[in-house]
Amino acid sequence: MAQASSTARLTAILSALAAIAGVLMIGISFWINPGPPPGASAQALADFARQYYAQVLWGAWLQAVGPVLIVFFAFAIVHLGGAAQRLSGWMTMLGAVILMIVSLLEIVFYITALFIPLGIVVVTTRVLPRTLGLIAIAAGLFFLVLGITSLLQLELPAWVAAMGAVQALWWLAAAIFMLASGGAPRTPAR
């Protein structure tokens, strides 16, 4: 029993550190990749691609690896919480798969934009763990409405894109909380 407890604690600590690294990687990816100017012509996009080629590729790599580390954390939460066979666990796993698909598609668009001057549309879909209850549901509905209302816009308003940071802050706070609590998993009530 002590072996299982120490393994669970190690899993919690390592997954929390992975989430922190993942959030930092995503933050750095957006920091080093300024994005093309709004309403840029095809020539301006081509100039942007030449000027920021390395930053876009590094940003794409960071944006590919960062979410994997966050998904690892989400899966660890499901596993440690004993929710792998419950609806909440399956929904978290579905959300993680959607997150990875969207992230990888976004990266494909970034890299494609280096070679074909096209606008980049950022779409994010997130499923927050059950521990946030109604707040998570409200946040999810808010992002759903934002996604639907901005679906056909080629350029997202800055305030809409900034809302994506809220989700990253949640993952960061959850990972820090798990580390601060000693990585002790809580057994759910049956």
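Here is a short chat about side-chain contacts in this predicted model.

Me: What makes the contact between Arg-50 and Asp-47 a salt bridge?
Reply: The nitrogen-to-oxygen distance between their side chains is 2.5 Å. A salt bridge needs an Arg or Lys nitrogen within 4 Å of an Asp or Glu carboxyl oxygen, so this contact qualifies. The count comes to one salt bridge.

Me: Where do Arg-50 and Asp-47 lie?
Reply: Both belong to helix α2 (residues 42-51), where they sit three residues apart, about one turn of the helix.

Me: Why is Arg-50 called exposed?
Reply: Its relative accessibility is 58%, and exposed means over 50%, so Arg-50 earns the word. Asp-47 has 36%, which falls between 20% and 50%, so Asp-47 is partly exposed.

Me: How many aromatic pairs are there?
Reply: Two aromatic pairs are counted. In one of them, Phe-48 and Tyr-52 have ring centres 4.8 Å apart and planes at 35 degrees. That angle is neither under 30 nor over 60 degrees, so the pair is tilted.

Me: Why is Phe-48 called buried?
Reply: Buried means under 20%, and Phe-48 has 11% relative accessibility, so the label fits. Tyr-52, at 23%, lies between the two cut-offs and therefore counts as partly exposed.

Me: What makes the pair of Trp-58 and Trp-61 edge-to-face?
Reply: Their planes meet at 85 degrees, and over 60 counts as edge-to-face, so that name applies. The ring centres are 6.1 Å apart, within the 6.5 Å limit, so they do pair. Both residues lie in helix α3 (residues 53-80).

Note on methods: Residues are numbered from 1 along each chain as its sequence is written. This is a predicted model: local features need pLDDT of at least 70, side-chain atom pairs count only at pLDDT 80 or more; totals for chains, interfaces and linings use all residues. Side-chain values use heavy atoms; hydrogens and water are left out. Helices (H or I, at least four residues) and strands (E, at least two) are DSSP runs, numbered from the N terminus. Buried means under 20% relative accessible area, exposed over 50%, partly exposed in between (1.4 Å probe, protein chains only). Rings of Phe, Tyr and Trp (its six-membered ring) pair if their centres lie within 6.5 Å; planes under 30 degrees apart count as stacked, over 60 as edge-to-face and the rest as tilted.
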